[in-house]
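Visitor: I have a model open in front of me and would like to learn how to read it. Could you take me through the sheets, the helices and the loops in turn?

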Amino acid sequence: MIKILHVIHGLNLGGAENFIFNLLSAINHTKYRFDFAIQEPNIKHKQFKELIESTGGKIYVIPDFTKNPIGQYKQLKHLISCGYSYVHIHMNAFINPIPAIAAAASNCKVIIHSHSTQNGRGGLLGKLIHKLNKQLFLKDNFIRLSCSKAASMWMFGNKDSQNISNAVDTNKYIYNESIRNRLRSKHNLSNEYVIGQVGRLIPLKNQAFSIRLLANIIRLHPDINAKLMLVGDGSDKEKLISLARSLKISDNIIFTGNVHNANEYYSVFDSFIMTSLFEGLTYAAIEAQTAGLKSIMSDTISKEVNITDSVDFLSLAKPELWVEQLYLNSLKYDRNIISQKVIGSAFDLNVMVKSMENIYCKSNNLN
């Protein structure tokens, strides 16, 4: 059996976690075992925890880097010495070098996996730390993986890396009319034009822009009876609710909170938006296309997500263009044509799993 230790900050509902969750759900559990070293003891992704335990994996909580870096190094070094073939380190930015330092001192192979194009926290200082750490601690013999070309450049510069797409289980996201009807009934919806957005309610995801956008759509195109459905939860929720009230459109916005059947909500939507300030190659963009949705995304997002020619990239500085494109997307279109382009592509989970198995089965050191 090939044992892999995944090092990640926590088991939450983010993109990196979704990548590992999807991979673990489909990989051969008799051949591969995934263990986890995490800093955040509060596991929010309960299904992930259950999946890990059901497949024989272990979860180890290590000391927080900011509070006890030496303790984290010692515990990671001890864990890594317990017979792992690979240490797979998942990063948005190279802020914490301890996992790479501990893994570099071992005999196992080391994977650095870039999941974003920016540091989500730390501002300018975080960028400087990221730049310094990757120069000091990113060894040439590490295996380099990234979710997109932009994520590769952010983490590895001009060094080669292997692109591993943020793939989805296409069977879970294909449009399903019975699911659509059931969930629409649950949320008291009938023939409304539902604009959907999936993600944490945090400043990065920029849902405030979406709410202001909805107000403009209601004002300019009242005939389409538009509603905004925000799937997810986060620190910005109360601010967003207050904004909706101030714009007098609270009745047109549905906050679902965190749900464990987010895949089903794509069938509820009629159009999809992503207003993030920045992203890596985000899962939600692929999930929406798998569900056959036309999408609008901010032009800060990698164009690599447009795998079906159904995505429009627009500037956040020009909300009027978003309004008009959303109106065009309210017109009837064939969702099946869009979703079929995802099946069998690099974004299909079955294809991605084979790529990862090839990496775990042999040394793919990229120099």
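**Reading sheets, helices and loops**

Guide: Helix α6 (residues 149-156) lies across β4, β5 and β6 (143-146), running at about 120° to β5. This is a predicted model, in which local features need pLDDT of at least 70 and side-chain atom pairs count only at pLDDT 80 or more, while totals for chains, interfaces and linings use all residues. Residues are numbered from 1 along each chain as its sequence is written, and side-chain values use heavy atoms, with hydrogens and water left out.

Visitor: How are the helices and strands assigned, and what is the strand order in the open sheet of seven strands?

Guide: Helices (H or I, at least four residues) and strands (E, at least two) are DSSP runs, numbered from the N terminus, and two strands pair if DSSP finds at least two bridges between them. Here the order is β3-β2-β1-β4-β5-β6-β7, with parallel pairing. Strands β3 (59-61) and β7 (162-163) stand at the edges with a single partner strand each, so one side of each has no neighbour in the sheet. Within this sheet, β4 (residues 86-91) and β5 (residues 109-114) run parallel and are joined by six bridges, with Y86 opposite K109 in β5.

Visitor: What order do the strands have in the open sheet of six strands?

Guide: That order is β10-β9-β8-β11-β12-β13, again with parallel pairing, and the edge strands β10 and β13 each pair on one side only. Strands β12 and β13 are joined by four bridges, and S298 has L314 in β13 as its bridge partner.

Visitor: How should I read the packing of two helices, for instance α5 with α6?

Guide: Two packed helices are described by the angle between their axes and the distance between the axes. Axes are lines fitted to C-alpha atoms, for helices over the stretch in contact, and angles run from 0 to 180 degrees between N-to-C directions; contact means heavy atoms within 4.5 Å. The axes of α5 (residues 123-137) and α6 come within 9 Å and cross at roughly 75°, and the two helices are therefore roughly perpendicular, where angles under 35 degrees count as roughly parallel, over 145 as roughly antiparallel, 65 to 115 as roughly perpendicular and the rest as oblique. K127, H130 and K134 of α5 make this contact with M153, W154 and M155 of α6.

Visitor: At what angle do α1 and α15 pack?

Guide: Helix α1 (residues 15-26) and helix α15 (residues 349-361) pack at about 85°, with axes 10 Å apart, which makes α1 roughly perpendicular to α15. Residues F19, N22, L23, S25 and A26 in α1 meet L349, M352, V353, M356 and Y360 in α15.

Visitor: Which residues of α9 are buried?

Guide: Buried means under 20% relative accessible area, exposed over 50%, and partly exposed in between (1.4 Å probe, protein chains only). In α9 the buried residues are Q207, F209, S210, I211, L213, L214, A215 and I217, and among the elements they pack against are β8 and α13 (319-329).

Visitor: What is the phi of N206 and of D309, and is each residue buried or exposed?

Guide: Most residues other than glycine have a negative phi. N206, in the loop between β8 (193-198) and α9 (207-220), has a positive phi near 60° and is buried, with a relative accessible area of 16%. D309, in the loop between β12 (295-298) and β13 (311-314), has a positive phi of about 60° but is exposed, with a relative accessible area of 67%.
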